Amino acid sequence: MPAIQVHGLRKAFAELDVLRGVDLEVARGSVFALLGSNGAGKTTIVKILSTLLKADEGAVRVNGFDVAAQAADVRKSISLTGQFAAVDEILTGREHLVLMARLRHLREPGRIADELLERFGLTRAGARRVATYSGGMRRRLDIAMSLIGDPPIIFLDEPTTGLDPQGRLEVWQAVKALAERGTTVLLTTQYLDEAEQLADRIAILHDGRIVVNGTLAELRQLLPPAEVEYVEKQPTLEDVFLAIVGAAR
Amino acid sequence: MTTHWFADTAVLTGRSLRHITRSLDTILTTVITPIAIMVMFVYVFGGAIDTGSVSYVDYMLPGVLLITIASGISYTAVRLFADMTGGLFERFQSMPIARSGVLWAHVLTSLVANVLSLVVVVLVALLMGFRSDAGVAAWLAVAGILLLFTLALTWLAVIPGLTAKSVDGASAFAYPLIFLPFVSSAFAPTDTMPAAVRAFAEHQPATSIVNTIRDLFAGQPVGGDVWVALAWCAGLLVVAFGLAVLIYRRKLA
């Protein structure tokens, strides 16, 4: 059984048809990227999958549970990392993780928190208030919070929007580590290279429908075969930036 | 899901309370206005207001306490608004926890914060010469009425907290509430007011609450005002709670 099944999903806000019949399936243990421009409806899909919004029409199942009829079971199966790092400025990083562990009724919330701080390279920052964190650190904490309780399915809504290149790499590494552990990840992004780097399958959402859905190799075949051209390889500005700044880490 | 209601609400309240304990400035900014008003009225205007044999600070303290609560609950709306816009709210709602606990945590935090503010204001009033003949029972009655009033206004504050588009919008609703005691029996006897103003003053909630607390502080038997006061508080609580829950459910749809 696939981790996520969506058939004929429709959602309108007032007069605006955002989703006009979305179909998609996400296999267990895979990383699925939902690609689309701003306002394509990516966040709407994530909100429906995570029981924050109700669909107008369509069958939506997460971990085998119907999002409308079995919302409580869906919530036990998932974790949502929303578009903006959902953190509390006044709490420390460690307190965030302890809070999540308590809300998931786990034993030894302190130990769980320390392990995750370690895994996400936040041990030294753990006792500091989040107000002092950089964007990348907030995002890492945000993702660490999502992992508590080992939910089998994780939603990441534009996890790298607004991050600097280093923060982006940090998040990418976190997502890759998740995939290695067998967690199903559905991530939305507007960056093509992000989908390319992380995803087993990529779907493109456009005009309220999934217009393409396949592996990167399949997507490439949609275009005429590559022509061989010889181009002098200039380092990109990102290469330069990371070479200079990244070396210091 | 409801089996964890108490545990979840306690955990969420603990988190929300840190906003009070770690930034005590919210308590300070809450009490600074009522204290300033108290100083102004007692030392500047109060001498010119005829309150009979009652000392002016004793006379106006009940009204100042209502102002304290009205300014305190605007922070409740702001804290809730911050959770709504910051994404924490959505994170909590997507977790397998008691959903109403998210709101109750803010409400309980509001009660704690307001109790702290009220204690500070009463202590300052004591320094300024406030004296009470109230016994233990009367003090408990005062505390009960103030808590009920805080609870009612807190649920009222939940509404802008959930629906506001900006921080300013979330806190602005409190201004009329802060000014309500001025057009009541809180600072001056109503019988010198022009007829229309007097009619309003005598029939708005602040007057009955103020009169009840004033009688309790003076160690006198309370009149029929206490029932009017309780009816206002309970009515407001029911309406605000109903509306807040309705809006909350709609937000989740």
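Two strands count as paired here if DSSP finds at least two bridges between them. Keep that in mind as you walk through this predicted model, because strand pairing is where the tour begins.

**Stop 1: the end of the six-stranded sheet**

Select strand 9 (residues 201–206) and strand 10 (209–214) of chain A. Strand 9 and strand 10 of chain A run antiparallel and share five bridges. To see one of them, show A:Ile202, whose bridge partner in strand 10 of chain A is A:Gly214.

Now widen the selection to the whole sheet. It is an open sheet of six strands in chain A, in the order 6-7-8-3-9-10, and its pairing is mixed. Strand 6 and strand 10 of chain A are the edge strands, each pairing on one side only. Look along the sheet and you can follow the twist, which averages 15° from one strand to the next.

**Stop 2: helices on that sheet**

Add helix 5 (135–147) of chain A. Helix 5 of chain A lies across strand 6 and strand 7 of chain A, and runs at about 165° to strand 6 of chain A.

Next, add helix 1 (residues 42–49) of chain A. Helix 1 of chain A lies across strand 3 (31–35), strand 6, strand 7, strand 8 (184–189) and strand 9 of chain A, with an angle of about 150° to strand 8 of chain A.

While helix 1 is on screen, show the side chains of A:Lys42 and A:Glu158. They meet in a salt bridge, with 3.4 Å from N to O. This pair links distant parts of the chain: A:Lys42 sits in helix 1 of chain A, A:Glu158 lies in the loop between strand 7 (153–157) and helix 6 (165–180) of chain A, and the two are 116 residues apart. Over all chains, the count by this rule comes to 18 salt bridges.

**Stop 3: the four-stranded sheet**

Turn to the other sheet on this tour. Four strands of chain A form an open sheet in the order 2-1-4-5, with antiparallel pairing. Its edge strands are strand 2 (16–26) and strand 5 (65–66) of chain A, each of which pairs on one side only.

Which element packs on this sheet, touching strand 1, strand 2 and strand 4 (57–62) of chain A? Helix 1 of chain A does, and its direction makes about 115° with that of strand 1 of chain A.

Zoom in on strand 1 (residues 4–13) of chain A, which is joined to strand 2 of chain A by eight bridges in the antiparallel sense. Two positions are handy to label: A:Gln5 has A:Glu25 as its bridge partner, and A:Lys11 stands opposite A:Leu19. Strand 1 and strand 2 of chain A form a hairpin with two residues between them, and A:Ala14 in the turn has a positive phi of about 50°.

**Stop 4: across to chain B**

Finally, bring chain B into view. Here 31 residues of chain A are in contact with 25 residues of chain B. The area buried between the two chains is about 2500 Å², and carbon and sulfur atoms give 60% of that. Highlight A:Leu52, A:Arg75 and A:Leu103: they supply 25% of the area that chain A buries against chain B, more than any other three residues.

For the polar side of the interface, the rule finds five salt bridges between chain A and chain B. One to display is A:Glu95 with B:Arg18, whose closest N and O atoms are 3.7 Å apart. There are also 13 residue pairs in polar contact across the interface, both residues being at pLDDT 80 or more.

Which helix of chain A gives the most to the side that touches chain B? Select helix 3 of chain A, which contributes five residues. Colour that whole side by residue class to finish: the residues divide into 15 nonpolar, six polar and ten charged.

Notes:
Residues numbered from 1 in each chain as written. Chains lettered and ligands numbered in written order. Predicted model: local features only at pLDDT ≥ 70, side-chain atom pairs only at ≥ 80, totals over all residues. Heavy atoms only, no water. Contact = heavy atoms within 4.5 Å. Axes fitted to C-alpha atoms, helices over the stretch in contact; angles between N-to-C directions. Buried area = accessible area lost by both parts, 1.4 Å probe. Salt bridge = Lys/Arg side-chain N within 4 Å of Asp/Glu carboxyl O. Polar contact = N/O pair within 3.5 Å; in protein donor to acceptor, adjacent residues only side chain to side chain. Nonpolar A, V, L, I, M, F, W, Y, C, P; charged D, E, K, R; others polar.
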